[in-house]
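Student: Please pick one part of this structure and take me through it closely. Start with the empty space, then show me what stands around it.

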Amino acid sequence: MNDTVRPVRELRRWRTVAREEYTRMLKDRVRDTSASGFPFAELRAILDDYVESEIFVHVGLSDVNAAFGGRSYGRLYDELTDQFESVLVPGFTPSFRNSGVYHKQFSRPQVGMFPVLFMDDADYRTDDALHSIQVAGDYRFEDCNHHDSFGPDGCYAKIDEDNVLIANIGTDRLVSTQYHYVSLQADTPYHTDETHSGAIYYDETDHRRIAQKNDAFRGVYKWNRWKMEDYLEEQGVLERRDRNGLKLSFFRAGDMRDALEPKIERDPYYMVT
C-alpha cells in the first residue's frame, strides 16, 4: 500500500468509528425522541406509494411513539401487514456467540424493542442463530442456507436477489443488515467470515447441533452510514420521506448493492471510511 494513502485511510476510519461511538453514547444518555406528532394518515399515504409484496423494516420505536402516541406498535404493525403481503423484521440474538444456544420460540430479539414485540405476531422465524429474520406473511427462505448468514446461498442473498424493499422508520441513521452481505460478497479486506458452534432448539425438546457462519471485522471498523445514505440518495436508490422529525427512508436491497459495488471496486474501504 502507498505510504501516503495509509495515514489518510486510517484517519478516515477512526473518524467514522468516533462518530458512531459518539452517537451511541448520546443515545444512551438522552432518550431519542426527535420526532413530533403528526397524523398517522400521512404515514399511511407514504406506505401507499410502494406496491411491493414484501417489506423489511427497521423501526426506532421511541420516535414512532413520539410521532403517534399510544398503541404505536399495534398501529404500525396493522398498517404494514395491511399494505404488504409479508413483513420482515430482524430477530437478532448476538448472545449466541457466547451462549451457544438459540431457541426459535423463546430467544427474544436483542436489538430494538419493535422486534421483541413483533415476535408474538410473526408467523415464521429463520434458523439463523445470530441474524434471524422474523416474518409475518408467506415469504419464506426454504431453499436458503440458514447457517451461512451472508453467504451466496443465505437468507440475505435471497433478499438481495428478490430486490426486497427495505424501510427505516424512526431510526436515527440508515440501518440495513444488507451491508454485511454486500461487503462480504465484495471480499473487502476488513471483513471476514467466522463460525460459532452451538445448538438450535425448535421447541422445548427438539434440537440439534449447528455451526453458524457469520461475519466479523478485521480490526475496529464501523459502517460509514451517513456517507452511504447521502450517496444512495444522490443515485436515486434511496428515498427520504421524513415527516416532523420522524426519519423515513426506503430503498431496495439489490439496487443498493448495484450502487455500492462500483464504489467498493475503486476503494475497498469505501463502506467504512
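Tutor: A pocket is an open set of grid points with protein on both sides within 12 Å along at least five of seven lines. A volume is the space filled by probe spheres set on such points. Keep in mind that this is a predicted model.

Take the second largest pocket. Its space comes to about 170 Å³. Which residues line the second largest pocket? They are K104, Q105, M119, A122, D123, Y124, R125, Q134 and Y202. By class, this lining splits into 4 nonpolar, 2 polar and 3 charged residues.

Now step from the pocket to the sheet. Y124 and R125 belong to the pocket lining, and β4 spans residues 124–125. Q134 is another lining residue, and β5 covers residues 133–136. Both strands sit in an open sheet of 7 strands. Read across, the order is β4-β5-β2-β1-β6-β10-β9, and the pairing is mixed. β4 and β9 (239–240) are the edge strands; each has a single partner, so one side of each is left without a neighbour in the sheet.

What holds neighbouring strands together? Strands of a sheet pair through backbone hydrogen bonds, either parallel or antiparallel. This sheet has both kinds. Walk across it, strand by strand.

Start with β5. It runs antiparallel to β2 (residues 86–90), and 4 bridges join the two. One residue pair to look for is L88 with its bridge partner V135 in β5.

Helix α6 also belongs in this picture. It spans residues 113–118, and F118 lies in it. Is F118 buried or exposed? Its relative accessibility is 1%, so F118 counts as buried. The cut-off for buried is under 20%. Leave aside neighbours within four places in sequence, and F118 touches Y73, Y77, V87, V89, Q134, V135 and A136. Q134 is thus a contact of F118 and a lining residue of the pocket. A136 comes 18 residues away from F118 in sequence, and their C-alpha atoms are 8.7 Å apart.

Next comes β1 (54–59). β1 pairs with β2 in the parallel sense over 3 bridges. I55 stands opposite V87 in β2. On the β6 side, the bridge partner of I55 is L165. β1 and β6 (residues 165–169) run parallel, joined by 5 bridges. V59 has its bridge partner in β6 too, namely I169. β1 is mostly covered, with 5 of its 6 residues buried.

Now β6 itself. Of its 5 residues, 5 are buried, so β6 is largely enclosed by the rest of the structure. In a regular strand the side chains alternate between the two faces of the sheet. Look for that in β6: L165, A167 and I169 point one way, while I166 and N168 point the other way. All of them are buried.

Cross to the far side of β6. There β10 (residues 248–252) pairs with β6 in the antiparallel sense, over 5 bridges. I166 stands opposite F251 in β10.

One loop residue ties in here. E52 lies in the loop between α2 (40–48) and β1. Its side chain makes a polar contact of 2.6 Å with the side chain of R252. Apart from neighbours within four places in sequence, E52 is in contact with F84, L165 and R252. L165 is also the β6 partner of I55.

Finish with a closed space. The structure holds 1 cavity of 30 Å³ or more. About 50 Å³ lies in the largest cavity. N168, L248 and S249 are among its lining residues. N168 is the β6 residue you met pointing the same way as I166. The whole cavity lining has 2 nonpolar, 3 polar and 5 charged residues.

Step back to the chain. It has 10 helices and 10 strands. Of its 273 residues, 52% count as buried. Among contacts with a separation of 6 or more, 68% come from residues 24 or more positions apart.

Definitions and conventions. Residues are numbered from 1 along each chain as its sequence is written. This is a predicted model: local features need pLDDT of at least 70, side-chain atom pairs count only at pLDDT 80 or more; totals for chains, interfaces and linings use all residues. Side-chain values use heavy atoms; hydrogens and water are left out. On a 1 Å grid over the protein atoms alone, a cavity is a set of points where a 1.4 Å probe fits but cannot get out, and a pocket is an open set with protein on both sides within 12 Å along at least five of seven lines; lining residues have an atom within 4 Å of a point. Ala, Val, Leu, Ile, Met, Phe, Trp, Tyr, Cys and Pro count as nonpolar, Asp, Glu, Lys and Arg as charged, and the others, Gly among them, as polar. A polar contact is a pair of N or O atoms within 3.5 Å; within protein, one must be able to donate a hydrogen and the other to accept it, and residues adjacent in sequence count only if both atoms are side-chain atoms. Contact means heavy atoms within 4.5 Å. Two strands pair if DSSP finds at least two bridges between them. Buried means under 20% relative accessible area, exposed over 50%, partly exposed in between (1.4 Å probe, protein chains only).
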